[in-house]
Amino acid sequence: MEKTITMIFHNLGLRSYIEVDLCRECPREDDKGCCGYYSPVFYPCDFAYLLENHTDLLDHILHLPGLTILDYSITVNNTPEGNSYRCRFHSKAGGCKLQQLQRESICRHFVCPGIDWEKEESLQPWKEFFISLADYENKINLTIGEKLAEKGLTLRDTNHHQQFFEQLLILFKKETAIKPDFFAALPLTEEVKLKRTLTFKADWPL
Ligand code: SF4
């Protein structure tokens, strides 16, 4: 079955994301799609966004069960369900309960290999953009993590979370004060239509 898929690329710097209309009628037909195989991991750039915009959500994440807390990241581990898993932010009825900008980077950037948008010649600038963005974000996260460690601050020490997050936000503002050139290289949004032949259930590649 051939289908026209609409993708919208959103250039919002460190909160950039890709919207895909096919997710609303995922060919996997299991009410989970790609989210059934992933546990979101939040890093300093995500914490900085939540600290500035959604402190209630950050507090909610910190109190969830089944967390893996490392020095400067938190994995919200999924739970087994059927032949796969269920992300703790996923609902059967409406998909991801988080707003786009609240999601961590893999969740904002991932598009299933069944669509394979990166092979389109016309979309190479967006491919380069998201590669540069991942490199840039990893560098910022690592730098902030190292500087927090130098101050003796780690997420594992739950008694000093307030101090950890205060310092994290100060470091984030400093490290991101100068924007990289690639942020300005592409428009704020671009909508594209791609034609793909759909397969269903386990035949649709994730
Ligand atoms: S956070 Fe949202 S987008 Fe990410 S895996 Fe969970 S349900 Fe899916």
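Let us start at one residue and work outwards: Ile115 sits in the loop that links α3 (105-109) to α4 (124-150). Keep in mind as we go that this is a predicted model.

Is Ile115 buried, exposed or partly exposed? Count the C-beta neighbours inside 10 Å and you reach 19. A residue needs 20 or more to be called buried, and 12 or fewer to be called exposed, so Ile115 counts as partly exposed.

Which residues does Ile115 touch, once its neighbours within four places in sequence are left aside? The contacts are Ile5, Val20, Leu22, Leu194 and Arg196. You can also look for Trp204: along the chain it is 89 residues away from Ile115, yet the two C-alpha atoms are separated by 9.4 Å.

Some of those contacts lead us to a sheet. Strand β1 covers residues 2-10, β2 covers 17-20 and β10 covers 189-197. Together these three strands make an open sheet, ordered β2-β1-β10, with antiparallel pairing. The edges belong to β2 and β10, each of which pairs on one side only. From one strand to the next, the twist averages 25 degrees. Try following β1 and β10 in the structure: they run antiparallel and are joined by nine bridges. As one example, Thr4 has Lys195 in β10 as its bridge partner.

Next, find the ligand. The residues around it are Cys35, Tyr38, Pro40, Cys87, Phe89, His90, Cys96, Leu98, Arg103 and Cys107. What classes of residue make up this shell? Eight are nonpolar, one is polar and one is charged.

Now step back to see the whole protein chain. Its secondary structure amounts to five helices and 10 strands. The radius of gyration is 18 Å, close to the 17 Å given by the globule rule for 206 residues, so the chain is as compact as a globular protein of that length. Along the principal axes, the C-alpha atoms fill a box of roughly 55 × 45 × 20 Å. Buried residues account for 25% of the 206 residues.

Finally, how are contacts spread along the sequence? Take the contacts between residues at least 6 apart in sequence: 72% of them join residues at least 24 apart. The bridge between Thr4 and Lys195 gives you a pair to look for as you explore the model.

Technical notes
Residues are numbered from 1 along each chain as its sequence is written. This is a predicted model: local features need pLDDT of at least 70, side-chain atom pairs count only at pLDDT 80 or more; totals for chains, interfaces and linings use all residues. Two strands pair if DSSP finds at least two bridges between them. Helices (H or I, at least four residues) and strands (E, at least two) are DSSP runs, numbered from the N terminus. Axes are lines fitted to C-alpha atoms, for helices over the stretch in contact, and angles run from 0 to 180 degrees between N-to-C directions. A residue is near a molecule or strand if its C-beta atom, placed from the backbone, lies within 6 Å of it. Ala, Val, Leu, Ile, Met, Phe, Trp, Tyr, Cys and Pro count as nonpolar, Asp, Glu, Lys and Arg as charged, and the others, Gly among them, as polar. The radius of gyration is taken over C-alpha atoms; the globule rule is 2.2 Å times the number of residues to the power 0.38. Two residues are in contact if their C-beta atoms, placed from the backbone, lie within 7 Å.
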